[in-house]
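Please open the structure in your viewer and keep the selection tool at hand. The stops below proceed from a pair of side chains to a single helix.

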Amino acid sequence: MKKATKAEIALIKSRFLVHYANAKTELVYKNLYELLVCVMLSAQCTDKRVNIVTPSLFARFPNIESLALATVDEIRELIKSISFFNAKAKNLHKMANQVMQDFNGEIPTTQIALKSLAGVGQKTANVVLIEFFEANYMAVDTHVFRTSHRLGLSYAKSAQETELELSKIFKDNLSTLHQAFVLFGRYTCKAVKPNCSDCFVFDLCKNKQNFKPR
Ligand code: SF4
């Protein structure tokens, strides 16, 4: 499979930055606590579904203190329409208690500290930092993986390796590019039946295969 050349990478980057200049997450949140919970819930689930569930969750548990005092059953009941709700309820409960005990009730703001929390891996930590602080990180979900592979930006087999490659070739503006690739994959370069006739990087596309991380 052909990889994008340096010139093509530069073109893709500039077109994405113009096309998605104000790209933001579609998750609805008011503060860092809510964002972290939303991103944890959004793993293997749509933002739309998360946005349906979170108003009642945040009305009941408006901050990290109240979430730490909740029982797993109470959390589970409020998020039961979300995929993997059992594991997510346990992780939310554990995460809130860790924040209270290990971080004085403040949601940590570094990648390493976030990753020490239950249910928070590299992708979740990066998405939180990208969205809240516009940190120069890449996070690779199913959309970023598929679209970057179709454009020949990476042919890495895993999300983590793809994240490293994209960070290396793009270098800066990673937070905007992350959001841009998510929206591009969600609405244009869809897994099944991509809208190729409406694609602003049609001339740079290498392959329409449906790539998935291993
Ligand atoms: S031409 Fe089609 S498959 Fe290729 S990047 Fe554009 S939308 Fe995706």
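**A buried aromatic pair and a bent helix**

Select F16 first: in this predicted model, F16 is buried, with a relative accessible area of 0%. Add F181, which is likewise buried, at a relative accessible area of 0%.

How are the rings of F16 and F181 arranged? Their centres lie 4.1 Å apart and their planes meet at 5°. Planes under 30 degrees apart count as stacked, so this pair is stacked. The structure holds 11 aromatic pairs by this rule.

Now display the helices that carry the two residues. F16 belongs to helix 1 (residues 6–19) and F181 to helix 11 (residues 174–187). The pair thus links distant parts of the chain, 165 residues apart.

Extend the selection to Y20, F170, F184 and F200. Together with F16 and F181, these residues form one aromatic cluster.

Next, move to helix 3, residues 47–60. What span should its 14 residues have at 1.5 Å a residue? The expected value is 20 Å, and the end C-alpha atoms are 20 Å apart, so the two agree. Centre the view on T54, where helix 3 bends by about 35°. A proline, P55, follows within four residues.

Finally, colour the buried residues of helix 3: D47, V50, V53, T54, L57 and F58. T54, the site of the bend, is therefore also one of the buried residues. Which helices do the buried residues of helix 3 pack against? Show helix 2 (32–42), helix 5 (72–78) and helix 11 to see these partners. Helix 11 is also the helix that contains F181.

Methods. Residues are numbered from 1 along each chain as its sequence is written. This is a predicted model: local features need pLDDT of at least 70, side-chain atom pairs count only at pLDDT 80 or more; totals for chains, interfaces and linings use all residues. Side-chain values use heavy atoms; hydrogens and water are left out. Rings of Phe, Tyr and Trp (its six-membered ring) pair if their centres lie within 6.5 Å; planes under 30 degrees apart count as stacked, over 60 as edge-to-face and the rest as tilted. Buried means under 20% relative accessible area, exposed over 50%, partly exposed in between (1.4 Å probe, protein chains only). The expected span of a helix is 1.5 Å times one less than its number of residues. The bend at a residue is the angle between axes fitted to the seven residues ending there and the seven starting there. Contact means heavy atoms within 4.5 Å.
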